[in-house]
Structures are given as structure tokens and as C-alpha cells.
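Here is a quick walk through a two-chain model. Take a look at it first, then read on for the details.

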Amino acid sequence: MSKEKTLIIGGGQAACQTATSLKNKKYDGEIKIFCSENYLPYQRPPLSKKFLMGELDKERLFFKPEKFYTENQIAINLNSYVQRIDIENKEIFLKDNKKENYDNLVIATGTIPRQIDVDKKISDKVFYLRSIEDVLQIRGKIKESNKVTIIGGGYIGLEVAAIINKLGLQVTIVEMASRILERVTSETISSFYTKIHKQAGVEVLTNTSVEGLEKNNKGVEVITSNGVIVSDFVIVGIGVLPCDTLALESGIDAKNGIIVDEFCRTSNDYIFSAGDCTMHPNIFYNKNIRLESVHNAIEQGKTVAASIMGENISYNQIPWFWSDQYETKLQIAGLLDNYDDIVVRGDTKNQSFAVFYTKENRITASDCVNRPAEHMMSRKLISEKILIDKDRLSDETIPIKEVAN
Amino acid sequence: MVKIIYIEHDGTEHPVDVDVGTSIMEGAVSNSIPGIDADCGGGCACATCMVFIDDEWKDKMSSMSDEEESMLDFHEYKEDSSRLGCQIPITEEFDGLKVKMPPSQH
């Protein structure tokens, strides 16, 4: 009998984790990974941080060196696009019409940046940031520029603004909403980050929508609802879309992400999905969510591997994220779903404080700025649904480890 | 290159060559040593690369930041000899270093 075969579509964190976890679990079938990019699977978080700054070589972004894949007999196919899945015959079709059969298929295609309409004449001055290639291009552009406009005041836009500001360029952030980070955090955190960006010399324009981009002799004119901004180039960070088209066109259920259950199984018995592209159930928040998160990619990769091995270990995680800007590390736990109160520990005037979001005296989420202990403790308090006394939580004379005692 | 011996909790030893300038965490991850997860890739954000370092070696290493100490404090298997592997850059002095790992990182 021939060996079982697992194919993995995608070359990011979830894809790499699935393959690694299968190997750790002594999976003895064949494993093949199909990456659309020309690099071995690599970490994305440093792209908008140390790698953009030029402090990290690209080889250090790779999760594993090439020899890992050869030694473990994981076949890595770079530059390879999967065009179609035939779910009846359990086959995938590559761009050159080559086909490959599978026993298990894992879709870990991630996301792509949401695009804006741009005239071809200026498309060489408009950048997105999702891949090594994107950053190499932006780094080249930074060297020959003085002024950049960033469209979108989300985490990517803000991290990039902080780095480019450090590199000496004049940076303007344009945000359509009434405050930066509006979609993902509270007024308290938005105000804090607005303040530190402004202190560093970054211009932050809120309530400002972009109406068009025009070429001019210096670069680009960004035409906004609040006037025209001239800059050498533009970076767009207005969110991402899940890469679920391949799944959808192949007859797998998808709606704002590939729909999976708590075992990362799709609507097809032989197809699994992991990472940013999934719409999955979260038991702590009792709803289906899509996450753009390293932690989720890792844990779903492990879940898929367990499911393939027939172990059925359900995915059961409190989401967490982090963001580095200037000298601050923001660690985020939980989802800012619904809360009835906010408790601040420390002083937001300093660069070290924690914001806890509570509902009926239980923490549901937290944003911790340079407060790793508070972050770690809140993850515990959220997952164990512990009742807390808000006065103790904000009282800095009580160590964070003891607030719930 | 220096030789580092990673030791799993069950005593299994993995002697590997690691580049000077990378971290103890990177040395483990790139050689697929089981027992170090390194979820955040070295950002001191997750505490899933905890290792145990004997005293004789600890003195040769950079001292611990408050950040590292706070993260470690919440690790289930924290001991006095605990460090986060991502926070220790490897130098020539580390040739022969033994790094022990906890039963789990979560």
C-alpha cells in the first residue's frame, strides 16, 4: 500500500507549524508544502518591525533552515500556485496544470492586504506590506525619500510609521475614523498612541478620508477630505482579506474566511484549514471569529496536525497579540468584544500601564503597555473567568499576581 | 559556530552547532529541538522558549531585563535557573553550553 499523503497549501506560520507538528507526532506519511512566494516559510511580525528597520537579515526570518525540510523529508515547492482543488477526486492542480493527489489537504493561505484603486501611472509609488519582497522594495524607497504618507492607522500602519520616523523621514498617517486603532481598541489606548506618535514628530490626521492619488513631479499627491498631502511615496495599511477564494471555488464553505470547526476541519472531510484564513469558533467569546495572529496560526497548525493523526484535540485558546512601536511593547490579550467597564492600572501619562476591559467583574480583554506581568496575569484571569475586585486591580501597591486573591 | 547541548526534560541530549550572534532560542528552533516553542519568534512577548541554565554559565550571560523577569514569573515551570532563550545572544564563550528544557512551555 502506498504511503498516506498530506499536502499543505501556503508557506506561512500555520503551514510550517502543521508540517512541524506532524513530524513531532511521528506522522509517517508524505508531506508536501506549496508556497506561492520564493522564500522558505518565514515569520511575518518582524516585517513591520526589525526587518523594516534593517536590523535583521532575511535568513533570520525563516522558521527553519532548508536542511530541516530535507532531513525531515518535507518537500517544499516554492513559487507554486495552486489553482484548483478537485474535492471529488482529491487532487490539486498547479499553475502549469500539473496535478497532485492527496489523502489530507491543509489550506493555510493566509490573507492579502486590502487594496485601494490606483492609477497605473503611480502604482510604483504605492506599497503594501505583507511579504519580504514588499519590505525590500519599501526599504529601497526609504533611502531615496524624505516624506511618506501612510494610509490607515491600524497596527501595521503605526508600526511602520514608528520605524520610518526613526529612519529620519517625515511621516503622515491618514485615518478615516475618528481615532487611530478604532476598530481594535479603546479610546484610552488610541489616545496614548496618538500622543507618542505626535511626540516623535509623526503627523496624525483622523477623520480624514483619501479621495484619490495623483502623480506629481515630486512623487504622489494624496488628495484627502482635509486637503492635499505631497509625499515621495505611500504605504497602504487598511486591513486584510482572507485568501479563501481557492476554497470557495472548489466547493468548500467559506464566508469572510474558510469555515472550520474546533478541530480545524472544513466542510470537506479530507480538507483542513489553519491560520489567518480561517473563520473559526472561539469558545471563550462564544462566536465565530477570524484572527490575524501568530498565536492562532501556531495553535491551529497544531490542531490540524492532531486532527490528521486522529487525536481530535479541540482548539481552545484566548487570542493574544503584540505590537512594538518606539520604546513601547503593547501586549494584547482577549478580544475587545463587549465590556461594561475599563480599569486602568498605572498612569497612561507614563509609558507603562495596563488597561483591563471587564464585564460583570470579569476581565474579558486587556491592553498592556510595557507591562508583561499584567499581560501574563490577564491571560490567566480571562481563561479562568475569575471574579475580580476592580479596586484591587487598579491598586499598584498590590502585586498583580495577588489581585485576584 | 559553537557546540550547544540542548537537553530535553526526559534527558535526551541534542548536541548541535549554532552560529555566534544568534540566540539560544534560534539555535533550538533552527535545529528542530523539541521543547522550545518560541511562538513570538524572539520578541520577549510569549515566554514559550524558557530554558534552564546552570550557575557556572549564567554568569557569562547578559543579565536579565525586568521584562524577561516578568514574563518568566508566569511560566508554570519557572525555577531559579530559568531564562528566556530568545534573550540570550550566543557568544564564542558558550562552546559546550548545556541548556535544559522544561516539560512543557504552556
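## A strand with two faces

Start with E3(A), where the side chains take turns: A:Ile74 and A:Ile76 point to one face and are buried, whereas A:Ala75 and A:Asn77 point to the other and are not. Buried here means 20 or more other C-beta atoms within 10 Å of the residue's own, exposed means 12 or fewer, and partly exposed is in between, with C-beta atoms placed from the backbone. Strands (E, at least two residues) and helices (H or I, at least four) are DSSP runs, numbered from the N terminus. In a regular strand the side chains alternate between the two faces of the sheet.

E3(A) runs parallel to E2(A), and four bridges join them; strands count as paired if DSSP finds at least two bridges between them. In this pairing, A:Ile33 has A:Ile76 as its bridge partner in E3(A).

## Ground rules

The model is predicted, so local features need pLDDT of at least 70 and side-chain atom pairs count only at pLDDT 80 or more, while totals for chains, interfaces and linings use all residues. Residues are numbered from 1 along each chain as its sequence is written, and chains are lettered from A and ligands numbered from 1 in the order in which they are written.

## Two well-covered helices in chain A

How many of the twelve residues of H1(A) are buried? Nine are, so the helix is largely enclosed by the rest of the structure. Among them are A:Ala14, A:Cys16, A:Thr18 and A:Leu22. The buried residues of H1(A) pack against strands E1 (5–9), E2 (30–34), E3 (74–77) and E7 (104–107), plus helix H8 (294–308), of chain A. H1(A) covers residues 13–24 and should span 16 Å at 1.5 Å a residue; its end C-alpha atoms are 16 Å apart, which agrees. The expected span is 1.5 Å times one less than the number of residues. Just after this helix, A:Lys26 takes a positive phi of about 65 degrees.

H8(A) is mostly covered too, with 14 of its 15 residues buried. From first C-alpha to last, H8(A) reaches 21 Å, close to the 21 Å expected at 1.5 Å a residue. Just after H8(A) comes A:Gly310, with a positive phi of about 75 degrees.

## Domains of chain A

The domain assignment splits chain A into domain 1 (5–112 + 241–308), domain 2 (115–236) and domain 3 (327–402); such bounds come from an automatic or database assignment. Taken over C-alpha atoms, the centres of domains 1 and 2 of chain A are 30 Å apart. Their contact takes 13 residues from domain 1 and twelve residues from domain 2, where contact means C-beta atoms, placed from the backbone, within 7 Å.

On the domain 1 side, helix H2 (residues 50–53) of chain A gives the most, with three residues. That side has eight nonpolar, two polar and three charged residues. For these classes, Ala, Val, Leu, Ile, Met, Phe, Trp, Tyr, Cys and Pro count as nonpolar, Asp, Glu, Lys and Arg as charged, and the others, Gly among them, as polar.

## Where the chains meet

Between the chains, the contact takes 17 residues from chain A and 14 residues from chain B. On the chain A side, H8, strand E23 (328–334) and helix H9 (372–383) each supply at least two residues. H9(A) gives the most, with four residues. By class, the chain A side has eleven nonpolar, four polar and two charged residues.

## Chain B

Chain B has three helices and five strands, in the order β-β-α-β-α-α-β-β along the sequence. Its radius of gyration of 12 Å agrees with the value near 13 Å for a compact globule of 106 residues; the radius is taken over C-alpha atoms, and the globule rule is 2.2 Å times the number of residues to the power 0.38. The C-alpha atoms fill a box of roughly 30 × 25 × 25 Å along the principal axes. Buried residues make up 42% of the chain. Of the contacts in chain B between residues at least 6 apart in sequence, 65% join residues at least 24 apart.

## Two positive phi values

Most residues other than glycine have a negative phi. A:Gln73, though, has a positive phi near 55 degrees. A:Gln73 sits in the loop between helix H3 (66–71) and E3 of chain A, and is exposed, with 11 other C-beta atoms within 10 Å.

In chain B, B:Cys44 has a positive phi of about 55 degrees and is not a glycine. B:Cys44 lies in the loop between helix H1 (24–30) and strand E3 (50–53) of chain B. With 19 other C-beta atoms within 10 Å, B:Cys44 is partly exposed.

Conventions: Two residues are in contact if their C-beta atoms, placed from the backbone, lie within 7 Å.
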